[in-house]
Amino acid sequence: MPHDAPASENALIREETRRRWSLALPALTVITLLSIVPLAVMVAYSFMQAGQYAGVEPGFSLDGWQAVFFERDFFDDSLIPATAHLTILGRSIALALATTALTFVFGIPTAWFIATRPPSSRGFWMFLITVPFWTNLLVRTIAIQEVIRADGTLNRVLLATGIIDEPLQMMFTNGAVLVGMAYVYLPLMVLPVYAAIEKFDFRLSEAAYDLYASRLYCLRRVVLPLMWPGIVAGSILVFIPALGAYVTPRLMGGGRAMMWGNLIDLQFGQGRNWPLGAALSITLTLVVLGALIWYARRTAKKDHANG
Amino acid sequence: MAEKRFDVTHVPGAALIAGVTFLALYVPVLILVVNAFNGGDMAGQWEGASLRWFAAALDNTAFRNAALNSLIVAVSAATVATGLATMAALAVSRGRPVKGQGGIFIILNQPLLVPEIVFAIALMIVLARLKQVTGYQGLGYVIAAHTTFCIPFAFLPIRARLAGMDLTLETASMDLYASRFYTFRRVTLPLLLPGILAGFMLAFVISLDNVVVSSFVKSPGQETLPTYLMSELRRNLTSEIYAISALLLFASISIVAASWVVTRTKE
């Protein structure tokens, strides 16, 4: 047989490598041309000068990056912190963290509840969690908007029951954005936490109780460490899309509770400062990538530690 | 009554919070659907059940065009993305890893690693230039953009299916002098079909739901259903918006339910 000889075995491996790369090539080409190249253009634009009306003009400039953090004082042209941008970036991080916390508070008990049902009915409960996940994000945002807007359902119920005399103005606030994002991203927290609890062997809790552990002690020292990977995965899955959210803050927050994604859109639209918009885009991408790399390394280390 | 057995899975309050969560997830959507069936002129003022707003939406040319565009984009993007993802999955999931396999993985998942708004605007910049140069303004740009972010979604279930398939049957086929292509068509493809189907459905729903990428990449005057809904929202909440939302909701739920049934029966 020819492949007994090492030389032709190498040739076979080379042939196999070539064949497999050419199979993957069409997909790789599409993604390179339509996602990686545009991202590279974005990086290049962040180092160019702003065009007078829109777009960019050739020539290296750090103005875009500088404008992320500083602006020129109107009177003496000195550099002062760009408070308007920094407020929006700070709000985005705070709201993304708050969204993660809120989905945590509601998502963990829900995942626990589902994972402790009899196996035959777990599928049904998980189906109820996945349906909202697959329905249109815009439609779900409209649904939650209808509940909390000035003449929406919640206000009408509260007025009718006499709890309030005047409709509560809840729209276009940080709170509205938070409620909207927690509503749309909740399934992302439940899914991985459920997967972690479902694998949990409850005989371990029994053993802990037999050894006179209190409920709290058992939760803290036995259950929580085994749930932790699911909780971290869920938090990452909620935090990342929440940080870059565009549709939900736009509908729930409007111009008053803008987030990072809306600020980027503004710079490419009315703001007409493309280099700044590009620099804000790259910064957001780097923060997201940083969180993902932190998560990937953490999981890799854990897997390694567990053998 | 006998004393209740101590239950380790019981956590006080978990069922209560879970109940609140399920209500919070479903009540707003139910309110929206109920509003869509409202017969009154004013959005939110209930005046009896009626299908008039569904009829109004279906009678609206702008809505019908947007729905048709959405369907064209979702079918084309999901088909192309599933084809490309199947080839890519076959390249990286079988036998020994080849040189550069990790690189293939990272590139295939790259669209998921970038925030959607950044992906959308970067693509808008490049495609705006392309529109100027070529003069072509059609739906092709939206289809190409959707194909790109659908590839990693279609790839996921196909690769999972391939990872669970063993190579014995294919090896047997090849040992019996079947050609590579014949083996693929008669052995690999039938076994892989549920994965391909799941990948297609996933890509289809993801494309149908997309609003951010479509709204930045589309040419003026073009609308998909979600971008049409978004532009209508800028005016005011009307019963027709609720009706269109409800239609989109039914579409997504039927697709998810269908794929649920398909994957259940295959196993």
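I take buried to mean under 20% relative accessible area, exposed over 50%, and partly exposed in between, with a 1.4 Å probe and protein chains only. I take helices (H or I, at least four residues) and strands (E, at least two) as DSSP runs numbered from the N terminus.

**Entry 1. Conventions.** I note that the model is predicted, that local features need pLDDT of at least 70, that side-chain atom pairs count only at pLDDT 80 or more, and that totals for chains, interfaces and linings use all residues. I number residues from 1 along each chain as its sequence is written, letter chains from A and number ligands from 1 in the order in which they are written, and use heavy atoms for side-chain values, leaving out hydrogens and water.

**Entry 2. Helix 10 of chain B.** I looked up helix 10 of chain B, residues 225-233, and found 8 of its 9 residues buried, so the helix is largely enclosed by the rest of the structure. The buried residues are Leu225(B), Pro226(B), Thr227(B), Tyr228(B), Leu229(B), Met230(B), Glu232(B) and Leu233(B).

**Entry 3. Asn136(A).** I then turned to a residue of chain A that touches this helix. Asn136(A) sits in the loop between helix 4 (119-134) and helix 5 (137-148) of chain A. Its relative accessibility is 1%, so Asn136(A) counts as buried. I listed its contacts (heavy atoms within 4.5 Å), leaving aside neighbours within four places in sequence: Leu208(B), Asp209(B), Pro226(B), Leu248(B) and Ser252(B).

**Entry 4. The interface.** How many residues does each chain bring to the contact? I find 80 residues from chain B and 74 residues from chain A. The buried area, that is, the accessible area (1.4 Å probe) that two parts lose on being put together, summed over both, is about 7100 Å² between the chains, and carbon and sulfur atoms give 77% of this. Val8(B), Phe22(B) and Leu25(B) supply 9% of the area that chain B buries against chain A, more than any other three residues.

**Entry 5. Chain B overall.** I count 11 helices and 0 strands in chain B. Its radius of gyration, taken over C-alpha atoms, is compared with a globule rule of 2.2 Å times the number of residues to the power 0.38. The value for chain B is 24 Å, well over the 18 Å that the rule gives for 267 residues, so the chain is more spread out than a compact globule. Along the principal axes, the C-alpha atoms of chain B fill a box of roughly 80 × 70 × 30 Å. Of its 267 residues, 49% count as buried. Among contacts in chain B between residues at least 6 apart in sequence, 71% join residues at least 24 apart.

**Entry 6. Chain A overall.** I count 12 helices and 4 strands in chain A. The radius of gyration of chain A is 26 Å, where a compact globule of 307 residues would have one near 19 Å. Its C-alpha atoms fill a box of roughly 85 × 75 × 35 Å along the principal axes. Of the 307 residues of chain A, 46% count as buried.

**Entry 7. Tyr185(A) and Trp260(A).** Tyr185(A) belongs to helix 7 (residues 174-198) of chain A. Is Tyr185(A) buried or exposed? I find Tyr185(A) buried, with a relative accessible area of 8%. Beyond neighbours within four places in sequence, its contacts include Thr99(A), Leu137(A) and Val238(A). A polar atom of the Tyr185(A) side chain lies 3.5 Å from the backbone oxygen of Pro241(A). From Tyr185(A) to Trp260(A) I read 17 Å, C-alpha to C-alpha, across 75 residues of sequence. Trp260(A) is one of the buried residues of helix 11 of chain A; in that helix (residues 260-268), 7 of 9 residues are buried.

**Entry 8. Two further sites in chain A.** Asn155(A) lies in helix 6 (residues 153-160) and is buried at 0% relative accessibility. Pro229(A), in helix 9 (residues 215-243), is partly exposed, with a relative accessible area of 48%. The C-alpha atoms of Pro229(A) and Val193(A) are separated by 8.0 Å, with their positions 36 residues apart along the chain.

**Entry 9. Cysteines.** I searched the whole structure for disulfides (a pair of cysteine sulfur atoms within 2.5 Å) and found 0 over all chains. Cys218(A) is buried, with a relative accessible area of 1%, and Cys150(B) is buried at 0%.

Terms used
A polar contact is a pair of N or O atoms within 3.5 Å; within protein, one must be able to donate a hydrogen and the other to accept it, and residues adjacent in sequence count only if both atoms are side-chain atoms.
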